[in-house]
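Open the model in your viewer and keep the selection tool at hand. The stops below go from single residues to helices and a sheet, and each says what to select and what is there.

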Amino acid sequence: MKRVLSEREFSAEQLNNIKSLAAEVGLLEDTVAILYGRGIDDRQKIEAFIKPSRGHFISPFKMQGMKEAVELIKRARDEDWAVVVYGDYDADGICAATIMSAALRDFGIEPIVYVPERREGYGVTKAAVDAIFEEEFPQLFITVDCGISCAEEVEYIKEQGAEVIVTDHHELPENIPDCICVNPKFNDGYIYDNLCGAGVALKVAVALNGDDAYKYLDFAAIATVADSVPLTGENRDLVYEGLKLINSRPRKCYSQFLVKNEADVTSLTVAFSIAPKINAAGRMGDARAALELFGESDESKIFSLASKLTAYNLERQKCCDELYVSAKAKLKERGAYGKVIMLFDENWNSGFVGIVAARLCEEYSRPVLLFVRSGDTLKGSVRSIENINIFEALKACSEYIEEFGGHAQAAGVNVTLENFEKLESALNAYLEKNYTPEDFLPTIIVNGRLNKPFSPRFARELEMLEPYGVGNRRPMFELCETSSEVRPIKPQSPHISIKSDKIELMYFGGAKQLKLLSSPAPRKYIFEYNVSVFRGREYVKGFVRDVICEKTAAQYAGEEIAVNNIITLASPKCSCAVQRMTAAEIDGEAQVAGWGTVYIAGEYNTLERYRNISLPVELFNISSSNLADTVLVSPQVNVDLSGFKKVVFLDCPVSGVRIPSLEGKDVVICSDVKGNNFIKNMPCTREELLKIFAYVSANADNLQGCDSYEASFKNGSFKPGHFAFALEVFRQLSLISFEGGKLTVFKGVKTELTNSELYNVACNVNG
């Protein structure tokens with residue numbers, strides 16, 4: 001179960017301030033409230049935020065080491081030194097190397113540009129330094145997007161006779177390299193510390209060449225979005241100006257990745273259309289192809305290189321999917337029941353483990369460390385959830401780590417095979433001590449509740465808060481409903497439309513929750529506004545991002561639960577190893593909330609028998625795949641419970657377990673709580689069933705639906721539970737089918753009611 005939190009709660013005094021500010025700046029109070037909650041809390045800040053520009057840029061010379069760096073680069077130019085620009089293989093590193101090398105050329109230096117491949121390792125390595133000195137004799141090394149954690153390697157470069165300038169943006173280690181270092185993380189006069197590597201490179205370029213360097217703002221914007229640094233402060237201005245450049249004068253090198261004639265390029269476009277192609281080159285072991293693309297002017301070569309990067313990205317997606325499947329298989333075997341997930345494999349590709357770690361981190365709501373094994377060495381990538389600072393956790397467990405570096409939510413880690421389990425144990429202990437169970441809950445942050453019909457003006461004002469990204473998340477809102485018109489946008493579509501008296505919502509992929517959304521269970525739609533223009537007319541809709549139900553939602557859906565249970569009971573049995581316990585025994589063993597146990601109740605009233613099970617309660621399906629301990633009422637037959645370690649039925653199934661994902665599992669079944677109320681008083685006589693069959697035959701065209709559940713609530717003459725029971729009996733007797741999402745009646749079929757297993761079960765229950 002996910003929790004919903006307001007981004008910010010306001011006091012009466014703050015609400016008065018918001019009201020006054022809204023009048024001052026001419027915005028709606030709802031818009032100002034979002035800004036105020038993000039620390040943009042006076043007129044000057046608001047105006048700067050809604051009008052980002054180059055004019056807000058900070059002087060590069062306020063950054064520690066910048067003056068000295070410029071002086072040394074000037075000396076290198078004047079004395080005709082050989083200069084190396086040493087980059088990194090990701091989008092930030094490629095863009096940083098592109099900016100720095102171009103700026104040096106503008107300054108009068110023709111640099112040697114070196115970008116290591118991922119297989120060579122992150123950052124400056126002695127092997128790479130040796131390779132450079134075998135070919136060249138540089139007198140100045142300038143790193144971009146790396147180097148701040150490479151004190152030993154910097155000394156090695158200096159021993160070869162070269163000066164070193166480190167430009168980086170990563171967290172400062174205890175041992176700073178003994179050279180000129182330019183990094184916004186230093187406690188200096190530079191008031192913004194969230195620049196990416198390319199942002200720092202741009203600052204050096206401006207220090208060298210003045211405003212002319214702003215022609216490279218597009219590269220800096222791409223890198224800023226790609227590196228997931230906060231889009232606040234100067235980064236917001238930088239991305240805004242960079243996007244303007246991309247939209248007005250796009251370079252051929254990245255315009256190949258954009259859809260022709262589409263709307264303006266946004267931060268979202270960069271994140272999903274441009275950045276993945278650049279990163280794919282490094283992940284596929286050809287980072288230099290991306291660097292070459294960004295420096296190429298020949299159109300035919302640009303097309304060839306862009307096509308190569310697009311192909312790399314398609315291959316990267318395929319490889320990531322394969323690695324994800326492999327990791328999931330390991331998790332299924334090993335379990336995901338601790339506060340951290342750690343896995344390794346010698347066949348995985350180091351270029352993809354970070355992407356898959358991020359995917360698993362979001363899915364399981366825990367830090368994830370994935371490693372590639374090479375002999376006794378494990379090289380890995382780490383991703384963490386928002387509430388967990390994994391950098392500090394790794395630092396606390398550094399005795400088991402060979403090398404690590406990164407940020408609060410992402411890091412690179414190398415460990416020995418011998419220390420793998422020790423690190424896992426230490427991280428679990430650290431997280432147990434320093435974080436609460438609430439820190440691991442999947443959390444949705446909302447910016448308000450829609451209590452009245454939407455305001456088109458508000459939707460337009462939200463567009464003024466672009467560009468969105470890390471640190472400036474797209475605002476989300478909640479709409480509380482108990483009933484609304486819910487239907488697929490077309491027959492058998494996975495997408496649904498939801499109409500309320502306040503706004504129309506679109507829920508892509510929402511058909512999987514159609515049972516829940518069609519019920520009277522109270523729920524919250526979590527959505528974001530979307531403004532579109534079609535044939536000159538403006539449309540505002542909400543795009544649903546999640547649906548959250550209250551713990552008591554199941555008590556309002558008795559008829560829907562009955563129908564679902566009937567359909568489940570009509571499904572084939574699966575084979576399980578069953579242990580029987582009494583309700584008192586189950587309640588006595590109720591554990592502290594963790595991961596890996598699902599408690600199943602056929603009916604909501606069953607929960608009254610258990611006092612010690614205080615867990616989230618879901619209806620029909622599990623809303624989160626993180627395997628958190630959960631109570632599930634009336635699971636639909638296709639629910640996936642395969643990842644759970646322990647399955648406990650709080651009431652005894654009427655006639656065996658019928659959830660395919662439990663095949664072969666060990667389950668506990670309550671022996672003294674019968675879950676069969678839904679099947680009582682079903683129409684078990686031949687006359688009752690003939691009456692319903694006659695109705696179905698006469699009204700088949702009006703009962704279209706993909707299954708018995710949908711059709712049962714469309715009939716107007718019988719209780720949905722009775723109707724669903726009859727339909728499932730008819731289906732088992734081959735009198736009807738729902739093949740192709742259409743109800744078909746087969747007349748003239750000769751059969752006996754006792755050929756239906758469901759009919760026999762109901763007869764036994766009802767005596």
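**Cysteines**

Select Cys361. In this predicted model, Cys361 is buried, with a relative accessible area of 4%. Does a bond account for this cysteine, or is it free? The structure holds 0 disulfides. Cys361 is in none, and its nearest cysteine sulfur, that of Cys320, is 15 Å away. In general, a disulfide is a covalent bond between the sulfur atoms of two cysteines.

Next select Cys480 together with Cys549. The closest cysteine sulfur to that of Cys480 belongs to Cys549, and at 11 Å it is too far for a bond; a disulfide would need the two sulfur atoms within 2.5 Å. Cys480 is partly exposed, at a relative accessible area of 33%.

**Helices H12 and H13**

Select residues 267-283, which make up helix H12. Where does H12 kink? The kink is at Ala275, shortly before the proline Pro276, and amounts to about 40 degrees. H12 is mostly covered, with 14 of its 17 residues buried. Move on to Gly285, just after H12, which takes a positive phi of about 80 degrees.

Now select residues 287-295, helix H13. The buried residues there include Ala287, Ala289, Ala290, Leu291, Leu293 and Phe294. What covers them? Among the covering elements are helix H5 (91-107), strand S3 (112-114) and helix H9 (217-226). Helix H11 (252-255), H12 and helix H14 (299-334) also take part in that cover. As background for looking down a helix, an α-helix has 3.6 residues a turn, so residues three or four places apart point the same way.

**The open sheet**

Display the strands S19 to S24. They form an open sheet of 6 strands with parallel pairing, in the order S19-S24-S23-S20-S22-S21. Which strands lie at the edges? The edge strands are S19 (577-581) and S21 (617-619), and each pairs on one side only. From one strand to the next, the twist averages 25 degrees.

Within the sheet, select S20 (residues 597-601) and S22 (residues 630-633), which run parallel and are joined by 4 bridges. Two pairs to pick out are Ile600 with its bridge partner Leu632 in S22, and Ala601, which stands opposite Val633 in S22. Then add S21, which pairs with S22 in the parallel sense over 3 bridges. Here Val617 stands opposite Val631 in S22.

Stay on S22 and show its side chains. Thr630 and Leu632 point one way, Val631 and Val633 point the other way, and all are buried. The general pattern is that in a regular strand the side chains alternate between the two faces of the sheet.

**Arg658**

Select Arg658, in the loop between strand S23 (646-649) and strand S24 (666-670). Is Arg658 buried or exposed? Its relative accessibility is 4%, so Arg658 counts as buried. Which backbone oxygens does its side chain meet? The side chain of Arg658 reaches the backbone oxygen of Ser655 at 3.0 Å, and one of its polar atoms lies 3.3 Å from the backbone oxygen of Leu569.

To see what surrounds this arginine, leave aside neighbours within four places in sequence. Arg658 is then in contact with Thr568, Leu569, Ser571, Pro572, Lys573 and Cys574, and also with Val637 and Glu757.

**Ile401**

Select Ile401, in the loop between helix H16 (390-396) and strand S10 (403-406). At 9% relative accessibility, Ile401 counts as buried. Not counting residues up to four places away in sequence, Ile401 touches Leu394, Val413, Asn414, Val415 and Leu423. Measure to the last of these in the viewer: Ile401 and Leu423 are 22 residues apart along the chain, and their C-alpha atoms are separated by 7.5 Å.

**Glu68**

For the final stop, select Glu68, in helix H4 (residues 66-78). Glu68 counts as partly exposed, at 40% relative accessibility. Select Asn447 as well: it is 379 residues from Glu68 along the chain, and the two C-alpha atoms are separated by 45 Å.

Key. Residues numbered from 1 in each chain as written. Predicted model: local features only at pLDDT ≥ 70, side-chain atom pairs only at ≥ 80, totals over all residues. Heavy atoms only, no water. Buried < 20%, exposed > 50% of the residue type's maximum accessible area, 1.4 Å probe, protein only. Pairing = 2+ DSSP bridges. Axes fitted to C-alpha atoms, helices over the stretch in contact; angles between N-to-C directions. Bend = angle between axes of the 7 residues up to and from the residue. Polar contact = N/O pair within 3.5 Å; in protein donor to acceptor, adjacent residues only side chain to side chain. Contact = heavy atoms within 4.5 Å.
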